[in-house]
Amino acid sequence: MKTTILSLLVSGFFLATSTAAEWVILPGEIELRGAESRQHLLFVERDGEAFTGEIADAEWVSDKPEIVKVVDGELIAVSNGTATVTARKDGKKISETVHVSGVGGDVEWSFNRHVLPVLTRQGCNMGACHGAVAGKGEFRLSLRGYDPPADHYWITKEARGRRIERAAPARSLLLTKPTMAASHKGGKRLDSDSREYRILAEWIADGGIAPDEAEAPIDRIEVAPDLSILKKGDRQRLIVTAHYKDGTSMDVTDWAKFASADEAIAMVDESGEVEIIGYGEGAVSALYSSNVALARFRSPFGSGLDPEIFSEAPRANFIDELVLTQLEQLQLKPSGRSSDGDFIRRAFLDTIGSLPKLAETRSFLADENPDKRTKIIDDLLQRPEFVDYWTYRWADVFLVNGQVLRPDAVKAYYQWIRSGVEKNLPWDDMARQVVTATGLSTEEGATNFYAVHQDPENMAENVSQAFLSLSINCAKCHDHPLEKWTNDQYYAFANLFSRVRAKGWGGDPRNGDGIRTVYVEPRGDLIQPRTGKPQIPAPLDGEPIDPEATEDRREALAAWLTDPENDYFSRSITNRVWAAFFGDGLVSPVDDLRASNPASNEPLLNALAAHLVKNEFNLKSLMRLILNSETYQRSGEVLSENLEDTKYHSRYYPRRLMAEVLYDAIIDVTGVPTVFGNVVLRDGSTQKTEFYEAGTKALQLYDSAVQSYFLKTFGRNEREITCECERSNQPSMVQALHLSNGDTLNEKLSDEKSIVASLIATGGSDSKMLEEAYLTTLTRMPTEDESARLVGLMKNSDAAEKQLILEDLFWALMTSREFLFQH
């Protein structure tokens, strides 16, 4: 990732607005090759590098219809030569040159470029039809055509070749079924007078030609227009062009599969026509032949905001510059700065997972030093609690789970993570150590990754998910239906782990018996089931390695994975860290960085990832940057000008505290610790553990198998799979009932060692006790109204009554949204 911050500000999705709009024809320079070649046309308005809408009801004219004709806005090649196509509207006209070549003789339809795309577009090889694992009606096709040779065999030779009739194509089952000329449970999929029908019929008549191995494979696809600025209610058609490795290209709009990344902003139909139905920045993906490309759309929330709102808004670093640029483009007014009380609470909870102590809150609120926020940020990043908190968060990613690992292995795995956090080990070093780990499970903690994942496929899938935020699971059986990853790429990637072996680990897990040793064999391969042969090992989108080499293949993988040029790696961890501070990633879900799921602010994610690479994957440098930004320190106040914003950071979005942080906050406030004495085994039974001393916090637990009704109820990550979806921060009725009537809060408040008993014992004034209650729980002073009402209630009450009042007060504060939510 070599993009500089300066270039990000003037290119990409943040484009300068031109002073004069112009009309243009897309796709621009047009070349048609071969008889029957076609090209959809768009007549659009362009303002700078962004497109601002399609010019409706234009008249299309070809000056040489004997070379190329225009039918309903689509060019059709007729003969070789050069012609000019013109679009006319309201007295204006724009022209584009068209070159036609290769026309002559009969059309020869390609199985890969034409036949399979037709079947895919009609839905014949989808998972609900013949693309299912077992097929339908004794006829099977590969999902979305990922295996052309097999598809050709099944169509032309299986069942004694009865699916096609070369001498009478119209009698072929391949045509009579989808046209309903013969009974078809899938219903009508094809019209007999359509171009698609003709392609299939002529291909059958030509003998059902097999896939040509010499035919140039696809290189990439492009979608036009690539960026459009539209209003709610506007429509825009798209054109998809496939580019092949021999330099040729072809319009594949009719055979591409379209999907909207955010249907609250834009909807798209099967033909590729987009309708803007909301506000924000959205994207539509086009998928063709396992290649993905995006068209982006921006729909401002309003108009007319004073430019000075944005130019005069405070900026601490490039995060604010890029966020404010986007807010101005979307016409979202940024809220002001958070209060000191909100900031210190927010920064403590997000950085170390704990509330500030009473003395820290008082000191910070009283401090008039303008640099006090920067100083507290630097202090938080050096605290021991930082190590506890981030060790726990990374243990979620690495799946430290006592239901899978032996107790000593759990401890070793946890301590390996903790050591890395404590030393501020760069993320690329952490990844490298995990991927290449060997040795004893109780001595080399990172080896336990290969105990949690014990076969090459699981190893590959979880490395991809943990370090690249890419789910490649679907490609295990077929090409990924929504992404670029192919079945061959999956097995090439998994084959990098085929020589990883383990031995030992016998005995009774209840007694902690057995030590597992991870090692690597010099030989061995994973068989690709589809071909019955090993796939040459290679990283995703990486160069293959010598299959005969005896070195540990994971070394090559680690080198590719952590390469500074590997955007997948840097963007993945950047997005995870951002999500930890804002509640959600710039890409959401946080561990779903597929190409068809773009970031809400792509230039920002790219710039943050570049910053991380520049700082050698030092995560604290990224955290410090985020914490110091005005974007992070923005107030959660909702303005009429940003009311509908949910992801562009015009304000801070509240979220419920994660289970462990909330539990520790209750322990910290009440002053009554919890004893964690049991772990839950995979069969549901429990076993005592002596790992955790009295006073151990939830964020200091080694693994997710520790028994705790509160943590389970409030959505603790169970660490079954590498997915942020394992954790839930969603409120529920069960949670409300537990806070109201359960033993966690009520018993701690009534305990003789609780903060309530302590306040009573110190004998302070009623107003003093009230002040401490608010500062301890909410990091703010009570309002005048709150103070007057509560002091009046406490006045003239005896010690027993005062204790009950204080217990009820703390209960009310600690069950309020202001306490339960980060804000």
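**View 1. Glu 321 in helix α7 of the predicted model.** Glu 321 sits in helix α7, which covers residues 318–330. The model shown here and in the other views is predicted. Glu 321 has a relative accessible area of 27%. It counts as partly exposed because that value falls between the 20% limit for buried and the 50% limit for exposed. Thr 351 lies 30 residues from Glu 321 along the chain. The C-alpha atoms of Glu 321 and Thr 351 are 23 Å apart.

**View 2. Gln 331, in the loop between α7 and α8.** Helix α8 spans residues 340–352. Gln 331 is not a glycine, yet its phi is positive, at about 60 degrees. Most residues other than glycine have a negative phi. Is Gln 331 buried or exposed? Gln 331 is buried, with a relative accessible area of 14%.

**View 3. Arg 160, a non-glycine residue with positive phi.** The phi of Arg 160 is about 60 degrees. Arg 160 belongs to the loop between α3 (148–156) and α4 (173–176). The relative accessibility of Arg 160 is 84%, so this residue counts as exposed.

**View 4. Strand β8 and its pairing with β3 and β7.** Strand β8 comprises residues 74–77. In a regular strand the side chains alternate between the two faces of the sheet. Here Glu 74 and Ile 76 point one way. Leu 75 and Ala 77 point the other way. All four of these residues are buried. Strand β3 (residues 38–40) runs antiparallel to β8, with 3 bridges joining them. Gln 39 stands opposite Leu 75. Strand β7 (residues 68–71) is also antiparallel to β8, joined to it by 4 bridges. Which residue of β8 is the bridge partner of Val 71? The partner is Glu 74. A hairpin links β7 and β8, with 2 residues between the strands. In the turn, Asp 72 has a positive phi of about 55 degrees.

**View 5. An open sheet of 3 strands.** The strand order is β21-β23-β22, and the pairing is antiparallel. Strands β21 (439–440) and β22 (500–504) form the edges, each pairing on one side only. Strands of a sheet pair through backbone hydrogen bonds, either parallel or antiparallel. Between β22 and β23 (residues 516–520) there are 5 bridges, in the antiparallel sense. Val 500 has Val 520 of β23 as its bridge partner.

**View 6. Two cis peptide bonds, before Pro 27 and Pro 589.** Most peptide bonds are trans. The bond that joins Leu 26 and Pro 27 is cis, with omega about 20 degrees. Pro 27 is placed in the loop between β1 (22–26) and β2 (30–33). Ser 588 and Pro 589 are also joined by a cis bond, with omega about 0 degrees. Pro 589 occupies the loop between α18 (567–582) and α19 (602–614).

**View 7. A patch of negative charge on the surface.** Which residues gather in this patch of negative charge? They are Asp 106, Glu 108, Asp 206, Asp 212 and Glu 213. One of them, Asp 206, is found in the loop between α5 (195–205) and β11 (218–224). Asp 206 has a relative accessible area of 41%, so this residue is partly exposed.

Key
Residues numbered from 1 in each chain as written. Predicted model: local features only at pLDDT ≥ 70, side-chain atom pairs only at ≥ 80, totals over all residues. Heavy atoms only, no water. Patch = residues over 30% accessible without salt bridge, like charges linked within 9 Å, V, L, I, M, F, W, Y side chains within 5 Å. Areas by Shrake-Rupley, 256 points an atom, 1.4 Å probe, with all protein chains shown as cover. Salt bridge = Lys/Arg side-chain N within 4 Å of Asp/Glu carboxyl O. Lys, Arg positive; Asp, Glu negative; His and termini not counted. Charge placed at Lys NZ, Arg CZ, Asp CG, Glu CD. Buried < 20%, exposed > 50% of the residue type's maximum accessible area, 1.4 Å probe, protein only. Pairing = 2+ DSSP bridges.
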